[in-house]
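Please set out how the strands and helices of this protein are arranged, and describe the surroundings of a few chosen residues. A report with one small table would suit.

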Amino acid sequence: MSKKMDASVKRKFSTYPAAAVVVLNQVRELILDVAEQDGITELEETLKWGEPSYISKIGSTIRFDYKDKAPQHFYIYFNCNTKLVETFKELYGDIFVYQGNRALVFELDQALPNKELAHCISLALRYKKIKHLSLLGA
């Protein structure tokens with residue numbers, strides 16, 4: 001899987017402050033690595049609603065963004081019509097900060113809980129195949 005950044009996503013990254021670029025690149029790399037580990041060979045990287053988005057044919061879209069109005073935070077968004085965030089809450093409780101049933105909220109300077117976040121990303125990338133399973137098969 002190519003790690004070359006989509007041109008529109010690259011332009012979006014150029015609008016972020018340096019601290020956000022560092023951590024959002026880490027999130028992007030984690031998404032790409034998880035897709036590769038899960039054997040997902042077709043992962044589309046694009047802008048959706050003006051945000052970097054990652055779409056797998058067997059999964060649900062993952063988006064992330066930094067917002068100027070919340071300069072200490074960034075967000076990873078999941079489809080609110082899925083059981084993803086509800087499942088993350090059940091599995092990981094207070095390891096994450098949640099925004100309703102649509103996002104995980106992180107501080108720019110916090111260490112990412114990579115193991116748990118990778119699992120959440122994996123569930124999202126494979127969602128269409130596991131949505132019928134209790135706790136998405138976790």
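The report below takes the sheet, then the helices, and then two single residues.

This is a predicted model, in which local features need pLDDT of at least 70 and side-chain atom pairs count only at pLDDT 80 or more, whereas totals for chains, interfaces and linings use all residues. Residues are numbered from 1 along each chain as its sequence is written, and side-chain values use heavy atoms, with hydrogens and water left out.

**The sheet**

Helices (H or I, at least four residues) and strands (E, at least two) are DSSP runs, numbered from the N terminus. Strands of a sheet pair through backbone hydrogen bonds, either parallel or antiparallel; here two strands are said to pair if DSSP finds at least two bridges between them. Six strands form an open sheet in the order β1-β2-β3-β4-β6-β5, and their pairing is antiparallel. At its edges lie β1 (43-48) and β5 (97-99), each of which pairs on one side only. From one strand to the next the twist averages 25 degrees, where angles run from 0 to 180 degrees between N-to-C directions and axes are lines fitted to C-alpha atoms, for helices over the stretch in contact.

Three of the pairings are set out here, each with a pair of residues that stand opposite each other or are bridge partners.

| Strands | Bridges | Residue pair |
|---|---|---|
| β2 and β3 | two | S53 and R63 |
| β3 and β4 | five | I62 and F78 |
| β4 and β6 | five | H73 and E107 |

Strand β3 (residues 62-66) is connected to β4 by a hairpin of six residues. Strand β4 (residues 73-78) is mostly covered, since five of its six residues are buried, a word used for a relative accessible area under 20% (exposed is over 50% and partly exposed in between, with a 1.4 Å probe and protein chains only).

**The helices**

Helix α2 (residues 18-37) packs on the sheet and touches β1, β2, β3 and β4, its direction making about 170 degrees with that of β3; contact means heavy atoms within 4.5 Å. Helix α3 lies across β4, β5 and β6 and runs at about 160 degrees to β5.

Two packed helices are described by the angle between their axes and the distance between the axes. For helix α3 (residues 84-92) and helix α4 (residues 114-125), the angle is about 150 degrees and the axes are 11 Å apart. In this packing L84, T87, F88, L91 and Y92 of α3 meet E116, H119, C120, L123 and A124 of α4. The residues of this contact divide into seven nonpolar, two polar and one charged, where Ala, Val, Leu, Ile, Met, Phe, Trp, Tyr, Cys and Pro count as nonpolar, Asp, Glu, Lys and Arg as charged, and the others, Gly among them, as polar.

**Two residues**

Is E51, in strand β2 (residues 51-56), buried or exposed? E51 counts as buried because its relative accessibility is 5%. Leaving out residues up to four places away in sequence, E51 touches T46, R63, F64, D65, K67 and Y77. Its side chain and that of K67 are joined by a polar contact of 2.7 Å, that is, a pair of N or O atoms within 3.5 Å; within protein, one must be able to donate a hydrogen and the other to accept it, and residues adjacent in sequence count only if both atoms are side-chain atoms.

S60 lies in the loop between β2 and β3 and is buried because its relative accessible area is 8%. With neighbours within four places in sequence set aside, S60 is in contact with Y54, N79, T82, L84, A124 and Y127.
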